[in-house]
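Trainee: Please take one part of this structure and look at it closely. Then show me what else in the chain deserves attention.

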Amino acid sequence: MSEEYDYVVVGAGSAGCVLANRLSADGTATVALLEAGDSDWNPWIHVPVGYFKTIHNPKTDWCYVTENDPGLNGRSLKWPRGKVLGGSSSINGLLYVRGQRQDYDRWAELGCTGWDYESVLPYFKRAENQARGEDDYHGVGGPLHVSDMTFKRPICDDFIRGVAEMGTPINEDINGENQEGVGYYQLTAHKGRRCSSAAAYLKGIKNRPNLTIITMAMVKKIGITDGRATDVHLERKGRPMVVHAREEIILSAGAIGSPQLLQVSGIGPGALLQSHGIEVKVDSPDVGENLQDHLQIRAVYKTKKPVTLNDELSNPLQKARAGIQYLLNRSGPLSMAASQVYAFSRTRLSNERPDIQYHFQPLSADSPGEGLHPFSAITASVCQLRPESRGSIQIKSADANTHPVITPNYLSTDLDCKTAVESLRFTRGIMQSDAMKDHISEEMLPDPKATSDEEVLDQARNIANTIYHPTSTCRMGADDNAVLDPRLRVKGVDGLRVVDASIMPEIVSGNTNAPTIMIAERASDFILEDRKAR
């Protein structure tokens with residue numbers, strides 16, 4: 001089977017859905033959107049708390065696993081990434097966080113012209129339909145609904161006061177003028193339902209005559225002829241298929257999938273490709289390198305009184321009541337995001353801007369999908385916002401069906417180790433604050449007996465986990481080793497771009513979904529501008 005379009009977008013995730021919408025909007029270009037997973041029919045995708053059912057589920061999750069990591073005392077981690085329309089925005093925690101102004105100004109300093117904060121702010125606003133209304137930092141009328149948290153509990157308010165006692169100001173809008181502060185997260189949700197990129201950008205336009213959405217399409221490689229990307233080779237329901245692109249092919253397969261597809265297509269480190277029998281089309285040594293992620297250290301504390309969700313949902317009757325509450329008015333525990341309270345704070349290692357972020361939950365569990373603990377407890381996860389550690393994505397086979405080698409290299413620099421220790425000490429300070437100390441009966445994680453820097457760091461290595469923010473494996477830049485130029489074109493190949501979180505030269509200071517949507521909004525203008533210029 002063979003088909004031809006002006007644009008072929010590989011990956012219908014946070015970025016791909018944006019591109020499909022924007023590139024097909026005026027009706028003059030034909031667009032094919034390819035997704036390896038299925039459509040987002042699963043009802044758990046649309047229930048905010050449904051990530052407990054979709055993460056680690058092979059029907060909706062790629063179910064990646066990292067290599068054993070020395071920085072985590074030899075542990076490997078599960079790395080969920082969405083394999084469904086909407087991609088990771090269909091299985092994530094719904095938190096809307098843009099990062100800090102300085103993140104984007106830093107991108108510009110690194111040679112990424114047009115990516116400074118003042119240049120990207122209009123694209124954040126264009127995407128947004130902000131429930132609080134329009135102002136200098138927020139937009140209304142965009143496809144992506146951003147709403148306030150409706151699920152709150154008194155212990156969340158006490159945590160906010162406890163963080164404030166530590167010197168972090170209360171800030172009701174971390175996506176406004178200044179990120180530093182503590183308060184309740186905003187969500188990519190609307191009327192109690194998840195607003196994934198598929199819900200935001202594809203709903204209502206799937207019948208555009210110039211847009212074709214192909215699900216269950218497992219892309220095998222990009223065909224390159226005479227230095228130009230010309231077609232996408234894929235397999236659908238056991239049948240081979242080729243999709244030709246007259247104008248461009250855009251990879252939006254994510255920080256794992258995009259570098260993998262470049263490598264199996266002959267674009268990447270020459271020695272690596274040759275070792276797998278792949279003809280080197282472009283020797284680009286940084287494809288798959290520069291991997292960055294936020295590493296969360298989950299501190300769990302038992303509470304003296306039954307004030308947590310562990311207590312509220314401790315038996316089948318209470319769970320049924322929560323289900324009925326959601327069905328009747330889309331509220332209650334099933335409407336909650338992955339975390340309720342944020343805190344962007346400064347450790348003693350940072351004098352200029354926040355270097356750690358909290359995700360506070362009035363509950364505790366060993367991991368998503370495994371059920372809540374049978375006792376009263378809270379979770380305060382903390383992550384370093386700008387880690388120095390760098391990892392890699394490398395293919396282990398020329399077959400795109402084979403998952404690549406994921407090597408995060410967590411906690412491999414002195415600053416990252418020191419920040420891990422500082423962040424756990426900061427967490428202990430919050431729990432000893434006047435606002436929180438009367439709640440706490442026992443520190444479960446980390447081990448309260450760990451007091452020296454060496455012991456605390458060892459605890460961090462034992463209990464830390466990904467917070468699901470891989471980036472930067474196809475970084476843009478002006479230097480010779482950058483994979484992409486600042487307009488996200490793959491260097492050394494015509495007609496090929498990458499548009500997703502992999503393009504970040506450095507990870508942003510916060511959750512990565514909102515920035516990825518912004519990246520795609522920005523890229524859509526680049527692509528349409530180049531079309532007009534041809």
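Mentor: Start with Pro446. Pro446 sits in the loop that runs between E23 and H13. The model is predicted, so read each angle and distance here as a computed value. The peptide bond leading from Leu445 into Pro446 is cis. Its omega is near -5°. Leu445 closes strand E23, which covers 440-445.

Now step on to Asp447. Asp447 belongs to the loop between strand E23 (440-445) and helix H13 (453-463). Is Asp447 buried or exposed, or partly exposed? Asp447 has a relative accessible area of 31%, so it is partly exposed. The cut-offs matter here: buried means under 20% and exposed means over 50%, so 31% falls in between. Asp447 also has charged company. Together with Glu454, Glu455 and Asp458, Asp447 forms a surface patch of negative charge. Patch members must have over 30% relative accessible area and no salt bridge. Asp447, at 31%, therefore passes the area cut-off. Helix H13 spans 453-463, and the patch includes Glu454, Glu455 and Asp458.

There is a patch of the opposite sign too. Lys191, Arg193, Lys203 and Arg330 gather into a positive patch on the surface. Take Arg330 as its example. Arg330 lies in the loop from helix H11 (316-329) to strand E18 (341-345). Its relative accessibility is 38%, so Arg330 is partly exposed.

Next, two backbone oddities in other loops. Asn409 is not a glycine, yet has a positive phi of about 60°. Its loop joins strand E22 (405-407) to helix H12 (414-431). Asn409 is partly exposed, with a relative accessible area of 30%. Tyr468 shows a positive phi as well, about 75°, and is not a glycine either. Tyr468 is found in the loop between strand E24 (464-466) and E25. At 26% relative accessibility, Tyr468 is partly exposed.

The loop between E24 and E25 also holds Arg487. That brings us to salt bridges. How many salt bridges does the structure hold? The number is 33. Glu529 and Arg487 make one, with N and O 3.0 Å apart. Glu529 lies in helix H14, so this pair ties together parts that are 42 residues apart in sequence. Neither partner reaches the exposed class, because Glu529 has a relative accessible area of 40% and Arg487 has 24%. The bridge does not stand alone. Glu247, Glu248, Asp485, Arg487, Arg489, Arg497, Glu529, Asp530, Arg531 and Arg534 are joined into one network by salt bridges that share partners.

Glu247 and Arg531 belong to that network. They form a salt bridge of their own, with the closest N and O atoms 3.2 Å apart. This pair links distant parts of the chain: Glu247 is in strand E14 (residues 239-251) and Arg531 is in helix H14, 284 residues apart. Their cover falls on either side of the burial cut-off. Glu247 is buried because its relative accessibility is 18%. Arg531 is partly exposed, at 22%.

Compare a pair with close sequence numbers. Lys437 and Asp434 meet through their side chains in a salt bridge of 3.2 Å, N to O. Lys437 is partly exposed at 41%. Asp434 counts as exposed, at 53%.

One more loop belongs with helix H14. Ile507 lies between strand E25 (496-498) and helix H14 (513-533). Its relative accessibility is 4%, so Ile507 is buried. The C-alpha atoms of Ile507 and Asp40 are separated by 28 Å. Along the chain these two residues are 467 residues apart.

Finally, step back to the whole protein chain. It has 14 helices and 25 strands. Its radius of gyration is 22 Å, close to the 24 Å that the globule rule gives for 534 residues, so the chain is as compact as a globular protein of that length. The C-alpha trace spans about 70 × 50 × 45 Å along its principal axes. Of the 534 residues, 62% are buried.

Definitions and conventions
Residues numbered from 1 in each chain as written. Predicted model: local features only at pLDDT ≥ 70, side-chain atom pairs only at ≥ 80, totals over all residues. Heavy atoms only, no water. Patch = residues over 30% accessible without salt bridge, like charges linked within 9 Å, V, L, I, M, F, W, Y side chains within 5 Å. Areas by Shrake-Rupley, 256 points an atom, 1.4 Å probe, with all protein chains shown as cover. Salt bridge = Lys/Arg side-chain N within 4 Å of Asp/Glu carboxyl O. Lys, Arg positive; Asp, Glu negative; His and termini not counted. Charge placed at Lys NZ, Arg CZ, Asp CG, Glu CD. Helix = DSSP H or I, 4+ residues; strand = E, 2+ residues; numbered from the N terminus. Buried < 20%, exposed > 50% of the residue type's maximum accessible area, 1.4 Å probe, protein only. Rg over C-alpha atoms; globule rule 2.2 N^0.38 Å.
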